[in-house]
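Colleague: I'd like to learn how to read a fold from its coordinates. Could you walk me through one?

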Amino acid sequence: MARRVRGIARGRCTAVTATAVLMLGACAPSTPTTPSPEPTVSSVASTPSINPSPTPRPDPTPTPTPDHTPSPSSTLNEEQTAAKETVLEFFRLKNELSKDLTMEVQPLVDITTGQTQTLEIYYLGEDRDNGVVQTGDDLYYVTDIGPVSRRSNARVVAVDACTDSRDTDLIVQETGKSILGSDRAYFVEWHIEVLHEGDGWKVGDITSGRVVRCGP
């Protein structure tokens, strides 16, 4: 997510469809532009202090248990299962790459395609150039998996997911200061097209939007 979709407020991947992060829709630029800096947000103090009170985070809301399983109870076929696992790996890599500025980016390249790949690598590189790292882990959930369809001889599965970033932040490593604004999106819903391309399944077009919570 790199300017993850937590980055919805950052104008990132609100759509990375062939129309077109998250952050993932044709609102994605044909050529990535550098996002404007955001105001600093302080973390919530756990005990009273003499410092001014920081901006409070939203009250906790019910979220699914972090088992990364789809909500539908129907049995998934082999292709749907592969698409689900691809999406879960995509979010796992985004967490790891955002926390470790030295981690090799090739696994993210291998699991993405098209404009999604271009934007993810661009924003990740921008964060690394600026010494921006993620603290904590975004939680991510697959919430729905569609049937297998075909487009231009490619197999496509639509996967819906939700991310919860209440326990994470993006900070400048040197100073420890957050780069996220107080209007950041803590819960983001993703609609992801997963395509079988070349030798495997890849994350393709993405649209995303702010929601009030993950789950019902």
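Colleague: In which sense do strand β3 and strand β5 pair, and over how many bridges?

Modeller: Keep in mind that this is a predicted model. As a general idea, strands of a sheet pair through backbone hydrogen bonds, and the pairing can be parallel or antiparallel. Here β3 (residues 154–164) and β5 (residues 187–197) pair in the antiparallel sense, over nine bridges. To pick out one position, T163 has V188 in β5 as its bridge partner.

Colleague: And what is the strand order in the sheet?

Modeller: It's an open sheet of four strands, running β2-β3-β5-β6, with antiparallel pairing. β2 (139–151) and β6 (200–210) each have a single partner strand, so they stand at the edges with one side lacking a neighbour in the sheet. On average, neighbouring strands are turned by 20° against each other, ignoring direction.

Colleague: Which strands does helix α1 touch?

Modeller: α1 (residues 78–99) packs on the sheet and touches β2, β3, β5 and β6. Its direction makes about 135° with that of β2.

Colleague: Which residues of the largest nonpolar core touch the most other members?

Modeller: The general idea first: in soluble globular proteins, nonpolar side chains tend to be buried together. In this model the largest nonpolar core has 24 residues, and V87, F90, F91, V159, W190 and I192 touch the most other members. Two or more residues each come from α1, α2 (106–111), β2, β3, β5 and β6. α1 gives the largest share, seven residues. For a closer look, try V159: leaving out neighbours within four places in sequence, its contacts include A83, V87, V142, I145, W190 and I192. Another core, of five residues, lies apart from this one, and C162, Y186, F187 and C214 are among its members.

Colleague: Two cysteines there. What joins C162 to C214?

Modeller: A disulfide, with S to S at 2.0 Å, and the structure holds one. The torsion about the S-S bond is about -80°, so this disulfide is left-handed. It links distant parts of the chain, since C162 is in strand β3 and C214 is in the segment after β6, 52 residues apart. Both C162 and C214 are buried.

Colleague: Now a polar residue: is T112 buried or exposed?

Modeller: T112 has a relative accessible area of 2%, so it counts as buried. T112 sits in the loop between α2 and α3 (114–129). Its side chain reaches the backbone oxygen of L108 at 2.7 Å. Not counting residues up to four places away in sequence, T112 touches F90, Q117, K202 and V203.

Note on methods
Residues are numbered from 1 along each chain as its sequence is written. This is a predicted model: local features need pLDDT of at least 70, side-chain atom pairs count only at pLDDT 80 or more; totals for chains, interfaces and linings use all residues. Side-chain values use heavy atoms; hydrogens and water are left out. Two strands pair if DSSP finds at least two bridges between them. Axes are lines fitted to C-alpha atoms, for helices over the stretch in contact, and angles run from 0 to 180 degrees between N-to-C directions. Contact means heavy atoms within 4.5 Å. A nonpolar core is a set of buried Ala, Val, Leu, Ile, Met, Phe, Trp, Tyr and Cys residues joined through side-chain atoms within 4.5 Å. Buried means under 20% relative accessible area, exposed over 50%, partly exposed in between (1.4 Å probe, protein chains only). A polar contact is a pair of N or O atoms within 3.5 Å; within protein, one must be able to donate a hydrogen and the other to accept it, and residues adjacent in sequence count only if both atoms are side-chain atoms. A disulfide is a pair of cysteine sulfur atoms within 2.5 Å.
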